[in-house]
Structure formats: C-alpha cells, structure tokens
Amino acid sequence: SASAERKLALDEIARLLDVVGVDINARDQSDASVQVRACVASETSRGQGSPMLMSSSYSSSHAPHHRCSQPTPLAVATGDLEVMRLLLARGADVASGEPLPLYCAAYGCHLEAARLLLDHGAQPDPPTLQYDSPLLAASSRGAAEIVALLLEHRANLEARDRLAQTPLHRAAASGALEVAATLLDAGSQIEARDAQQNTPLL
C-alpha cells in the first residue's frame with residue numbers, strides 16, 4: 001500500500017542518517033545538503049523503489065519546486081511534515097543555506113511547515129543574499145495565513161526586494177486582497193515607493 005511504501009521510505013532515510021552516519025548538514029559546491037537529498041528521495045521514490053540520499057549530481061530540474069531544491073527546503077516546499085520532523089529531530093539546521101527553509105514554506109504556501117520551522121527557531125527575517133524575505137514570498141503567493149503567522153513573529157512589514165518593493169506592493173500586484181488587508185491592518189505604508197517610484201496603488 002502507499003502508506004506502507006511511505007513508511008519504508010521514511011525508515012530508510014532514518015537508517016541512512018542514524019546508521020550510516022551521514023552528516024545531515026553537509027553541503028556540496030552548490031550549497032545543497034544531505035537534508036534535501038533525503039527529502040528528494042522521499043518525494044521521488046514513492047512507487048519508484050527504495051529511497052536513497054541523492055548524490056551531489058542530482059539536478060534541481062527534478063525537483064517539484066526548483067527554487068527550493070537545495071538544503072532542508074525541498075521537504076518544506078513539498079509540505080512534507082513527516083520528513084521535516086525526521087530531519088529536525090536529527091539536528092537539521094533551519095537557518096542556513098540558500099534558499100532558507102522558511103522562504104520555501106512561504107513560497108510553497110505551506111502553513112504548517114512554516115509554523116514548524118518557526119517553532120524550531122527559524123527567524124522570520126533571516127539574512128539572505130539571493131532570495132526574498134519569507135513575508136515577501138508569502139505576500140506574492142497570496143498566502144494570507146502565512147502572512148499573519150509571520151507578522152505574529154514580528155516579520156519586517158516593510159521588507160524590500162531588489163526592486164525596493166514591499167510586501168504590500170507584492171500583494172497588490174498579485175491581486176491578493178486578503179493579504180493586502182492583513183498588511184494594511186498591521187500598519188503597512190500604502191504610500192511606500194519602489195525603485196520606479198510606484199506605490200502599491202499604482
């Protein structure tokens with residue numbers, strides 16, 4: 001059955017981590033870690049044989065969410081709470097790698113994944129060189145519950161992307177009315193201007 005295959009997949013990942021002694025936070029040249037390979041294996045092995053920790057040659061084009069095909073993020077991007085709990089229980093780092101796990105929870109619109117990461121110490125406004133803040137990602141995706149959750153954890157309401165757009169700009173551009181209302185209720189600046197001098201209303 002599917003549930004039996006799922007259990008076998010999770011058991012195999014746990015065995016590779018616990019018995020083989022793979023470093024769960026090890027990274028390769030692309031900043032990918034064992035964590036993501038375990039997650040990819042869990043996701044792609046359903047109905048395709050036993051899972052394995054993927055090698056560094058695993059292509060991100062195989063991942064269902066290409067942005068989140070590195071570090072812990074893939075389990076987060078697929079909303080796989082079981083794999084996330086398995087990895088977190090074994091010391092998975094929620095605060096390193098690109099993209100960061102919380103970004104992937106926000107981008108993938110996975111509320112419970114975001115909640116789990118925050119409960120395990122993920123920062124709502126983590127430093128990142130390549131990706132938006134989780135609040136920007138959630139606002140773009142119309143994920144109102146995640147936006148509210150991040151604001152509860154004091155995420156930066158006026159975080160800016162590379163175009164100097166705020167979460168409210170993103171919500172307005174996406175037509176995410178519930179998100180926009182949530183942001184405005186929290187005090188987002190409706191007159192904030194981006195790099196092109198546009199406000200969220202323009």
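1. Start with Ser133 in this predicted model. Leaving aside its neighbours within four places in sequence, Ser133 is in contact with Tyr103, Asp125 and Ala159. You will find Ser133 in the loop between helix 6 (111-119) and helix 7 (134-140). Is Ser133 buried or exposed? With a relative accessible area of 12%, Ser133 is buried, because buried here means under 20%.

2. One contact of Ser133, Tyr103, deserves a closer look. A search of the whole structure finds two aromatic pairs. In one of them, Tyr103 and Tyr107 are stacked, with 5.8 Å from centre to centre and 15° between the planes. Both residues belong to helix 5 (residues 101-107), and because they are four residues apart there, about one helical turn separates them.

3. How accessible are these two tyrosines? Tyr103 counts as buried, at 3% relative accessibility. Tyr107 counts as partly exposed, at 22%.

4. Tyr103 also pairs with Tyr131, and this pair is tilted: the centres are 5.2 Å apart and the planes make an angle of 55°. What does the pair tie together? Tyr103 lies in helix 5 while Tyr131 lies in the loop between helix 6 and helix 7, so the pair links parts that are 28 residues apart in sequence. Tyr131 counts as partly exposed, at 21% relative accessibility.

5. Put these rings together and you have one aromatic cluster, formed by Tyr103, Tyr107 and Tyr131. Have a look at Arg141 too: its charged end sits over the ring of Tyr107, 4.5 Å from the ring centre.

6. Now move along the chain to Ser188, which is placed in the segment after helix 10 (177-185). Ser188 is buried, with a relative accessible area of 8%. Which residues does Ser188 contact, leaving aside its neighbours within four places in sequence? They are Leu157, Glu158, Leu168 and Leu183.

7. Finally, step back to the whole protein. There are ten helices and zero strands, so if you trace the elements from the N terminus on, you read α-α-α-α-α-α-α-α-α-α. Of the 202 residues, 49% count as buried. The protein exposes about 9800 Å², and carbon and sulfur atoms supply 49% of that area.

8. A last point concerns contacts along the sequence. Taking contacts between residues at least 6 apart in sequence, 66% join residues at least 24 apart. As you turn the model, try following the pair of Tyr103 and Tyr131, whose parts are 28 residues apart in sequence.

Note on methods: Residues are numbered from 1 along each chain as its sequence is written. This is a predicted model: local features need pLDDT of at least 70, side-chain atom pairs count only at pLDDT 80 or more; totals for chains, interfaces and linings use all residues. Side-chain values use heavy atoms; hydrogens and water are left out. Helices (H or I, at least four residues) and strands (E, at least two) are DSSP runs, numbered from the N terminus. Buried means under 20% relative accessible area, exposed over 50%, partly exposed in between (1.4 Å probe, protein chains only). Contact means heavy atoms within 4.5 Å. Accessible areas come from the Shrake-Rupley method with a 1.4 Å probe; for residues, only the protein chains shown count as cover. Rings of Phe, Tyr and Trp (its six-membered ring) pair if their centres lie within 6.5 Å; planes under 30 degrees apart count as stacked, over 60 as edge-to-face and the rest as tilted. A charge sits over a ring if NZ of Lys or CZ of Arg is within 6 Å of the ring centre and within 35 degrees of the ring normal.
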